[in-house]
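Colleague: I've got the file open and a coffee in hand. Can we go through it together, one question at a time?

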Amino acid sequence: MSWGTELWDQFDNLEKHTQWGIDVLEKYIKFVKERTEIELSYAKQLRNLSKKYQPKKNSKEEEEYRYTSTRAFLATLNEMNDYAGQHEVISENMTSLITGELTRYVQELKQERKSHFHDGRKAQQHIETCWKQLEASKRRFERDCKEADRAQQYFEKMDADINVTKADVEKARQQAQLRHQMAEDSKAEYSSTLQKFNSEQHDHYYTHIPNIFQKIQEMEERRIVRIGESMKTFAEVDRQVIPIIGKCLDEITKAAESIDHKNDSQLVIEAFKSGFEPPGDVDFEDFTQPMKRTVSESSLSNSRGDGKSEPKFGGKSKGKLWPFIKKNKLSLKLGAGPEDFSNLPPEQRRKKLQQKVDELNKDIQKEMDQRDALTKMKDVYIKNPQMGDAASVDHRLAELGQNIEKLRLEVQKFEGWLAEVEGRLPARTEQARRQSGLYEAQNTSAVNSCAQDRESSPDGSYTEEQSQETEMKVPATDFDDEFDDEEPLPTIGTCKALYTFEGQNEGTISVAEGEMLYVIEEDKGDGWTRIRRNEDEEGYVPTSYVEVYLDKNAKDVYKSLQKISE
């Protein structure tokens, strides 16, 4: 079954068929190329999806990934990223093994096809030339034969005519002989040309064309085999990544099976446990005895249990509670809580303090690493002065030493608070309790009285809305007006403003650098000091902005300092 013998007369159809085969190959290349683009696009979308749901660094979301369910979700995101990578591998392998190879093969195939059909056309042109030569020889032989017959007839006519001279007859005889000789020569030439043409035609149809068509057939069969191999490669590329994709899916399944609901429940307890005891019973309040109404110790859910009584809502005592509420609202509006996290429940406070200690220790280690590196650099400069000036790093080393010392002091401070929370150190002094007792009592009672009607923020602190809700839950009585008319708090010292502060928030007061003012309430650990400029102007300023002078005769000191400044 050879194209050379079976299709010897189908040159044009074979040319069209082989061109169609190349078109099919190019169509398959285009198909695979579009498949690779789809794989790349799919992989990109999967990566973007995985990135979109990854937790942001140093954010609340990152803290949520301590639960087993969210860690399983994070593992799923990571596996989806690897899953996307396998689709990129599919695209790369199909591009290199199929589209790249077939594109080069198509170019070679076009050149080979062009060469074969060029040879075929050349053979056809040669046989057509031989046929034309044969036709020309045949027509010449035919013409010479006709001329010889006419010459012979003319000679016979002249020879029969008695009126023609002998010379004319001889001349006609010689002409007839010449024509006969020319006919014989044309006959010989025609016979030779015919034999040559038959030989060329035999070689053309039985040798040259079969050979050319055989090469074309082999070329076409190679094209068919090649496209079949490419289709196998197409499937094999997919099959190679199936085990890895299966591992990704197995890891997702493993992550799902690692979810521990009991462990997550325990983490919720650790995250939000306050350490407070549930409130006790509410005491009966007897309103039959006028002017003796008091708020019982448990009415505001005081869980401190230190034996201190709550301020009573009577006379001027009410003013002791409300300044705390306003101050607490102020601190929350400014977004700054106490440095020792005393606004948090005990358990949450301990965690925050421990976290702060760990962060400070990491900062100390970084500073020490930098100091060690600079020290080594200085030693190198001392040994090799041409490499640099050793004195140039002294200033930086001094800065690092100061930074390390500051950080160590911070660590000691927070470790002290942490030890106090954990019960490793004795309780605070009586003076410290006296200064912050009102703050703690009010904070505790506000927490317990509203424990059933509010939600804590994620870090355990209380939001501004909670403070407002607390304020709303205190029953309005006749002493509201009395609070506005209460006597101003006595001064406990003076202070000097170290920096200018623009008090733009409610409850703050603006001060200028160098200004002298009265102190009416010390910093209770939240970073704010309450001051007074005159009888009508008072408010809170950051403690770090003022230098406080506590003295029994503060007013006299203040007047003398004013005279000195004048």
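Colleague: Let's start with Arg150: what is its relative accessible area, and is it buried, exposed or partly exposed?

Modeller: First, keep in mind that this is a predicted model. Buried would need under 20% and exposed over 50%. Arg150 falls in between, so it is partly exposed, with a relative accessible area of 46%.

Colleague: Which side chain does Arg150 meet in a salt bridge?

Modeller: Look along helix 4, 3 residues apart from Arg150, which is about one helical turn. The residue there is partly exposed, at 24% relative accessibility. The two side chains meet at 2.1 Å, N to O, and the partner is Glu147.

Colleague: And Arg139, what does it form a salt bridge with?

Modeller: Stay in helix 4 and look 4 residues apart from Arg139, about one turn of the helix. The closest N and O atoms of this pair are 4.0 Å apart. The partner counts as partly exposed at 22% relative accessibility, and it is Glu135.

Colleague: How many salt bridges does a search of the whole structure find?

Modeller: Those of Arg150 with Glu147 and Arg139 with Glu135 are just two cases. Searching the whole structure gives 25.

Colleague: Over to the sheet: in what order do the strands sit?

Modeller: The sheet is open, with antiparallel pairing. Its edges are strand 4 (538–542) and strand 5 (546–550), each of which pairs on one side only. From one strand to the next, the twist averages 40°. Reading across the 5 strands, the order is 4-3-2-1-5.

Colleague: How many residues of strand 2 are buried?

Modeller: Strand 2 has antiparallel company from strand 1 (residues 493–497), through 4 bridges, with Lys496 opposite Met516. Strand 3 (residues 528–532) pairs with strand 2 as well, over 3 bridges, and here Tyr518 stands opposite Arg532. Strand 2 is largely enclosed by the rest of the structure, because its buried residues number 6 of the 6.

Colleague: Which residue in the hairpin of strand 2 and strand 3 takes a positive phi?

Modeller: Go to the stretch between the two strands, which has 6 residues. The positive phi there is near 100°, and the residue is Gly525.

Colleague: Which residue is the bridge partner of Glu521 in strand 3?

Modeller: The side chains help here, as the partner also forms a salt bridge with Glu521, with the closest N and O atoms 3.5 Å apart. Both residues of that pair are buried. They belong to a network of salt bridges that also links Lys524, Arg532 and Glu538. The bridge partner is Arg530.

Colleague: Now the largest nonpolar core: which helix gives the most to it?

Modeller: In general, nonpolar side chains tend to be buried together in soluble globular proteins. This core has 31 residues, and Leu25, Tyr28, Met94, Ile98, Phe213 and Ile216 touch the most other members. Helix 2 (11–52), helix 4 (68–160) and helix 5 each supply at least two residues. The one giving the most, with 11 residues, is helix 4.

Colleague: Last one: how much accessible area do Trp8, Tyr205 and Tyr206 have together?

Modeller: These three form a nonpolar patch on the surface. One of them, Tyr205, is found in helix 5 (residues 166–257) and is partly exposed, with a relative accessible area of 30%. Together the three have about 360 Å².

Notes
Residues numbered from 1 in each chain as written. Predicted model: local features only at pLDDT ≥ 70, side-chain atom pairs only at ≥ 80, totals over all residues. Heavy atoms only, no water. Buried < 20%, exposed > 50% of the residue type's maximum accessible area, 1.4 Å probe, protein only. Pairing = 2+ DSSP bridges. Patch = residues over 30% accessible without salt bridge, like charges linked within 9 Å, V, L, I, M, F, W, Y side chains within 5 Å. Areas by Shrake-Rupley, 256 points an atom, 1.4 Å probe, with all protein chains shown as cover. Axes fitted to C-alpha atoms, helices over the stretch in contact; angles between N-to-C directions. Core = buried A, V, L, I, M, F, W, Y, C linked by side-chain atoms within 4.5 Å.
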